[in-house]
Amino acid sequence: MNNLAEELMHELECRTAFTIPIFGGIPVPESCVVTWGIMAVLVIFSIIFTRNLKRVPKGIQCLIESGISWLDNFFLETLGHKGKKYLPILETLLIYLGIANIVGIFGLRPPTKDLGVTASLAIVSIVLIQYASIRERGTKGWLKSFKEPMAVMLPINILELVIKPLSLCMRLFGNVLGAFVVMELIKLCIPVGVPLVFGLYFDIFDGIIQAYVFVFLTSLFMSEAIE
């Protein structure tokens with residue numbers, strides 16, 4: 001158990017990939033470097049798969065368009081027609097999180113194991129929610145929403161501005177870190193064979209589920225904000 005505690009503390013450490021030699025040295029976290037890599041891959045694949053689009057899709061274009069159409073329908077069911085303008089950022093966030101959570105199978109440390117990354121994503125999420133509310137309701141309507149359904153709810157509604165991003169942050173971070181703890185316990189009990197199977201589950205299936213939950217909750221909060 002002491003080894004497990006040490007491994008857990010090691011996972012919680014903010015690892016530095018390299019240091020920029022200016023202003024006394026600026027440390028660049030490993031999670032930031034991995035995120036840059038994911039962004040670069042997404043940009044490159046976006047360019048490759050959209051440069052020769054056909055009016056009648058076939059092959060890989062058909063597969064990609066089917067996937068995007070499924071995502072569009074999924075989010076529109078939650079957000080309604082008003083939410084159509086927010087589809088690109090929600091879908092991009094889902095794709096990024098899905099990849100970020102499964103990069104462990106390539107020997108990289110998932111960025112979402114860094115509390116700073118999950119906190120930043122939660123802040124982006126809550127800013128998007130409030131932006132959508134202001135855009136659809138107007139500034140006056142947005143301010144009035146804090147008194148709904150009655151004025152006595154004002155303190156609680158204001159408190160939600162902190163509670164929502166905090167819950168999104170800790171849910172994503174806690175589930176990713178929890179998967180690591182479960183894997184270490186499995187390795188202690190059954191060190192051969194079984195960890196490989198569970199490792200694939202936590203690295204792929206569970207990672208995709210966590211990305212789905214994070215973005216689904218964001219779209220659900222947005223739906224409430226723009227009603």
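**Close-up views of a predicted model**

**View 1. Helices H4 and H5 cross with a left-handed sense.** H4 passes H5 in a left-handed crossing, as seen in this model, which is predicted rather than determined by experiment. Two packed helices are described by the angle between their axes and by the distance between those axes. For helix H4, which covers residues 87-102, and helix H5, which covers residues 115-145, the angle is about 165° and the axes lie 12 Å apart. Because angles over 145 degrees count as roughly antiparallel, H4 and H5 are therefore described as roughly antiparallel to each other.

**View 2. Helix H5 also packs with helix H6, in a right-handed crossing.** Here the partner of H5 is helix H6, made of residues 154-189, and the two axes come within 8 Å and cross at roughly 150°. That angle makes H5 roughly antiparallel to H6. The handedness of each crossing is worth noting in turn: H5 and H6 cross in a right-handed way, whereas the crossing of H4 and H5 is left-handed.

**View 3. A nonpolar patch lies on the surface, with residues from helices H2 and H3.** The patch covers about 760 Å² and is made by Val-41, Ile-44, Phe-45, Ile-48, Phe-49, Ile-60, Leu-63, Ile-64 and Ile-68. The elements that give two or more residues to this patch are helix H2, spanning 30-50, and helix H3, spanning 60-79. Of these contributions, the largest share comes from H2, with 5 residues. One member of the patch, Val-41, is found in helix H2, and Val-41 counts as partly exposed because its relative accessibility is 41%, a value between the 20% limit for buried residues and the 50% limit for exposed ones.

**View 4. Gly-207 is a buried residue of helix H7.** Helix H7 runs over residues 194-226, and Gly-207 has its place within this helix. With a relative accessibility of 4%, Gly-207 counts as buried, because the cut-off for that class is under 20%. Gly-207 and Val-176 are 31 residues apart in sequence, while in space their C-alpha atoms are 7.4 Å apart.

**View 5. The whole chain places the close-ups in context.** The chain has 7 helices and 2 strands, and when these elements are read along the sequence they follow the pattern α-β-β-α-α-α-α-α-α. Across the 227 residues of the chain, buried residues make up 34%, and Gly-207, shown in the preceding view, is one that counts as buried.

How values were computed: Residues are numbered from 1 along each chain as its sequence is written. This is a predicted model: local features need pLDDT of at least 70, side-chain atom pairs count only at pLDDT 80 or more; totals for chains, interfaces and linings use all residues. Side-chain values use heavy atoms; hydrogens and water are left out. Patches are made of residues with over 30% relative accessible area and no salt bridge: like charges are joined within 9 Å, nonpolar side chains (Val, Leu, Ile, Met, Phe, Trp, Tyr) within 5 Å. Accessible areas come from the Shrake-Rupley method with a 1.4 Å probe; for residues, only the protein chains shown count as cover. A salt bridge is a side-chain nitrogen of Lys or Arg within 4 Å of a carboxyl oxygen of Asp or Glu. Helices (H or I, at least four residues) and strands (E, at least two) are DSSP runs, numbered from the N terminus. Buried means under 20% relative accessible area, exposed over 50%, partly exposed in between (1.4 Å probe, protein chains only). Axes are lines fitted to C-alpha atoms, for helices over the stretch in contact, and angles run from 0 to 180 degrees between N-to-C directions. Angles under 35 degrees count as roughly parallel, over 145 as roughly antiparallel, 65 to 115 as roughly perpendicular and the rest as oblique. A crossing is left-handed if the near helix is turned anticlockwise from the far one by less than a right angle, and right-handed if clockwise.
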